[in-house]
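Good morning, colleagues. Please look at the model on the screen while I speak, and keep the sequence at hand.

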Amino acid sequence: MVAHLTMILLIYFLAAMAVHVMHQRHISRPESEGFEQILLIPSNQAGRIEGIIRALCRELLYRGKSFTLTVVADHHDAETITIIEKMMQKQGLELSYLPAVPSDLERSKEVHGGYRLIDLRKSSDEAGFRQARQ
């Protein structure tokens, strides 16, 4: 009889701990920040673009954000753009193109009004990606 009561108390204790852990996990999760527009200038980065896109998707997924990616398309970047298209299609995400960088975005690399500029033209070892995230 005592063994049965001890077993019941142990089950209640474990259930309470599980609820507590789930609640803490829910509280520690960052809240959704809405929607973000990302402007990407790949500049012939076929070897690195997949890792950069995956890191970006992982970060935005963790933060609970949805996003659209706009790629500044250049005729020299055909291989890079093909990789981006395949990745975005696989993720089921929206992709759009611009023929050139808008002049107002060229001057500033900070996050303004919901868009983020990721310029890989002058980057080395993802420095442009890190700089655009700040």
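The model before you is predicted. I should like to begin with one side chain and its surroundings. Leaving aside its neighbours within four places in sequence, Leu 69 is in contact with Gln 37, Ile 38, Leu 40, Ile 53, Ile 84, Met 88, Glu 94, Leu 95 and Ser 96.

Several of these residues return when we turn to the largest nonpolar core, which has 17 residues. Those with the most contacts inside that core are Ile 38, Leu 40, Ile 53, Phe 67, Leu 69 and Ile 84. Which elements give two or more residues to it? They are β1, residues 35-41, α2, residues 49-62, β2, residues 66-72, and α3, residues 78-91. The most comes from α2, with six residues. Apart from this core lies another, of five residues, and Leu 39, Ile 41, Val 72 and Val 101 are among them. As general background, nonpolar side chains tend to be buried together in soluble globular proteins.

Let us now consider the sheet. It is open, has four strands in the order β3-β2-β1-β4, and its pairing is parallel. Why is one side of β3 and of β4 left without a neighbour in the sheet? Both strands, β3 being residues 95-98, stand at the edges and have a single partner strand each, so there is no neighbour on one side. From one strand to the next, the twist averages 25°.

Strand β1 deserves a closer look. Five of its seven residues are buried, so that the strand may be described as mostly covered. With β2 it pairs in the parallel sense over six bridges, and Phe 35 stands opposite Ser 66 in β2. The chain passes from β1 through α2 to β2, and this β-α-β crossover is right-handed. β1 also pairs with β4, residues 115-119, in the parallel sense, here over five bridges. Within β4, Tyr 115 is the bridge partner of Gln 37, and Leu 117 is that of Leu 39. As for the helix, α2 lies across β1, β2 and β4, and runs at about 170° to β1.

I turn next to a polar residue, Thr 68, which has its place in strand β2. Is Thr 68 buried or exposed? Its relative accessible area is 8%, and because buried means under 20%, Thr 68 counts as buried. A polar contact of 2.3 Å joins its side chain to that of Gln 37. Neighbours within four places in sequence aside, Thr 68 is in contact with Phe 35, Glu 36, Gln 37, Ile 38 and Glu 94. Gln 37, Ile 38 and Glu 94 also appear among the contacts of Leu 69.

My last residue is Ala 73, in the loop between β2 and α3. Its relative accessibility is 26%, and therefore Ala 73 counts as partly exposed. Not counting residues up to four places away in sequence, Ala 73 touches Ile 81, Tyr 97, Leu 98 and Pro 99. How far apart in space are Ala 73 and Ala 100? They are 7.1 Å apart, C-alpha to C-alpha, with a separation of 27 residues in sequence.

To close, I return to the middle of the picture: β1 pairs with β2 and with β4, and gives residues to the largest nonpolar core. Thank you for your attention.

Notes:
Residues are numbered from 1 along each chain as its sequence is written. This is a predicted model: local features need pLDDT of at least 70, side-chain atom pairs count only at pLDDT 80 or more; totals for chains, interfaces and linings use all residues. Side-chain values use heavy atoms; hydrogens and water are left out. A nonpolar core is a set of buried Ala, Val, Leu, Ile, Met, Phe, Trp, Tyr and Cys residues joined through side-chain atoms within 4.5 Å. Buried means under 20% relative accessible area, exposed over 50%, partly exposed in between (1.4 Å probe, protein chains only). Contact means heavy atoms within 4.5 Å. A polar contact is a pair of N or O atoms within 3.5 Å; within protein, one must be able to donate a hydrogen and the other to accept it, and residues adjacent in sequence count only if both atoms are side-chain atoms. Two strands pair if DSSP finds at least two bridges between them. A crossover is right-handed if, with the strands pointing away from the viewer, the path from the first strand over the helix to the second runs clockwise. Axes are lines fitted to C-alpha atoms, for helices over the stretch in contact, and angles run from 0 to 180 degrees between N-to-C directions.
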